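Here's a quick briefing on the open and enclosed spaces in this protein, plus its nonpolar core. Have a look at the model first, then read on.

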Amino acid sequence: MTNTRRGRQNINMLLVVLIGFCVLAIIEIVYGQAQMKVERERLALEEQNSQTVEELKEEWRKLQDGSSVVTAQKEPETAESGKEPEDTSVKAVEQQKDKDANQGDAKPEESEDEEDEDKEDSRYSMQIVVLGDSIMDGDRTESGAADIIGQQLNAKIYNMSMGGTTAALMPNEQYNFATWDSRCLMGVVNAIVGNINTDIFDGYAAGEVLKTCDFDKTDYFIIEYGVNDFLTGQIPNSRYLEGGDTLAIDSTHTYTGALEDAVQRLKNRFPNAGILIIGPHYCQVFSGGTFIGDGYSLDYGYGPLITFARGGGYIADLYKEEGVLYFNAFEESGIDAETADDYLADGIHMTPLGARVYAEKAAEIIRKDFAPEE
C-alpha cells in the first residue's frame, strides 16, 4: 500500500511539472509573437518615414530650382494677347486710399470703460456736484447728508466737500490764479472751470472728482458752507455793515462775497445747471463740555451765525431768476435748540438722524425745481 501511494504522488508531481512547462511554453510563444508584431510595425514606420523624408527632399530641390507650384507665378498677359498688363502697384495704392477713406468716415468705437460709464449714468435721474465743508464731507457713507440726497433724488453724487474749509479766502490769502493755494469754495470752483493748478487737491476726494467728473453733465451744484467762516472769527458775513459803513476788504474775503463769486463763475461756465445754496444750520458751541453759546447768541465780531445764514439767502435771491435756489437750513431744517440732542452729535456735526431730516429737506427743494409738475 505504501509503495502504491508513493507511486501516485510521483505521478502527480510529474503532471504538475509538465503542466508548468506547457504554460511557460505558451507564454514564450505569445511573447514571441508580440515581439514580432512590434518589430513589423517598427519596420513599416521606418519605411514610411524614409519615404516622407525623400518627398521633402524632392520638394526642397524643386523650390531651389524655381519649378515648385508654390513659388511659380502666373506670367502677366502681354500686348500679344491683346491686353495691357495690369499695374498691380497702382491698384494697391487705390485700394489703400479707399480703405483709408472708409476708416475716416467710420465713427470711433467707444471703449468698454466709456460704455460701462454710460450705462451707469443711465441709471440715475440727474447728476449733482456737492461743494462743502465737513457737514457734507464728515460722513461719506450711506448715512451721510450727501449720500442721502443722492438716494432721495436717484442722483449720481460727486462729492467735492473738504472738512475745515471756508467759503471765503482767509485774510492772508490773495485772489491770484498764478499763486493760488486755497482749498476754499472759490478754490474748488476755479479748479472746476480750469483757472488754477489742481495739485493742491491731490490726496483729497475732491482731487479724484476733478479727474473723473464730467462737469458739463451736472444738473445741480450744491454749495454748503458757512459754519467755518463764522467760527474763524476772521471772515465777515459781508463788507456792508449796519448803519451804512463798508469794510475796507475785498468782497472775496467775506462769506457772501465768496458765495456770489462762486455763483457767477459756475453760472457763466454751466448756464444750464441749477445751484442750491445751503446756509449754515443751527449750532451750539461748547468748550470743555461747557456751553458757550449758540447760533443766535454767539458773536465773534461779525454777527451771530444766523446772520451768515440770512446772508446766504440774500445771495440766492439776487440770482433767483438764473436758477439759484436756497435752503435756509438754520430755520427750516428742523435742527434747533429743542432737537439738538437728537440731531447734533457735538453741537455742530449731525447725527445720522439729523443728517436724514436735513438731507431730505434739501432734496425736496431740488425735486420741486427739477420736476415742478409732480
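The largest pocket in this predicted model holds about 560 Å³ of space. Its lining takes in 22 residues, and helix H9 (255–269) is one of the elements that supply at least two of them. After the pocket come the cavity and the core.

**Pocket**
- Asn237, Ser238, Arg239, Tyr240 and Thr256 are the lining residues that lie nearest the pocket's centre.
- H9 chips in the most, with five lining residues, and helix H10 (305–318) also gives at least two.
- By residue type, the pocket lining splits into 11 polar, seven nonpolar and four charged.

**Cavity**
- Searching the whole structure turns up one cavity of 30 Å³ or more; the largest cavity has about 40 Å³ of space.
- Among the residues lining the largest cavity are Val227, Phe230, Leu231, Cys283, Gln284 and Asp294.
- Two elements give two or more residues to that lining: helix H8 (227–232) and strand S5 (284–287).
- H8 is the top contributor here, with three residues.
- Seven residues of the cavity lining are nonpolar, two are polar and one is charged.

**Nonpolar core**
- The largest nonpolar core runs to 85 residues, and helix H13 (residues 352–370) provides its largest share, seven residues.
- Ile128, Leu131, Met160, Phe215, Ile223 and Tyr358 have the most contacts inside that core.
- Leaving out residues up to four places away in sequence, Tyr358 touches a mixed set of neighbours, including Ile135, Met136, Glu224, His281, Phe327, Ser333 and Met350.
- In soluble globular proteins, nonpolar side chains tend to be buried together.

Key: Residues are numbered from 1 along each chain as its sequence is written. This is a predicted model: local features need pLDDT of at least 70, side-chain atom pairs count only at pLDDT 80 or more; totals for chains, interfaces and linings use all residues. Side-chain values use heavy atoms; hydrogens and water are left out. On a 1 Å grid over the protein atoms alone, a cavity is a set of points where a 1.4 Å probe fits but cannot get out, and a pocket is an open set with protein on both sides within 12 Å along at least five of seven lines; lining residues have an atom within 4 Å of a point. Grid points are joined across faces, edges and corners, and a volume is the space filled by probe spheres set on the points. Helices (H or I, at least four residues) and strands (E, at least two) are DSSP runs, numbered from the N terminus. Ala, Val, Leu, Ile, Met, Phe, Trp, Tyr, Cys and Pro count as nonpolar, Asp, Glu, Lys and Arg as charged, and the others, Gly among them, as polar. A nonpolar core is a set of buried Ala, Val, Leu, Ile, Met, Phe, Trp, Tyr and Cys residues joined through side-chain atoms within 4.5 Å. Buried means under 20% relative accessible area, exposed over 50%, partly exposed in between (1.4 Å probe, protein chains only). Contact means heavy atoms within 4.5 Å.
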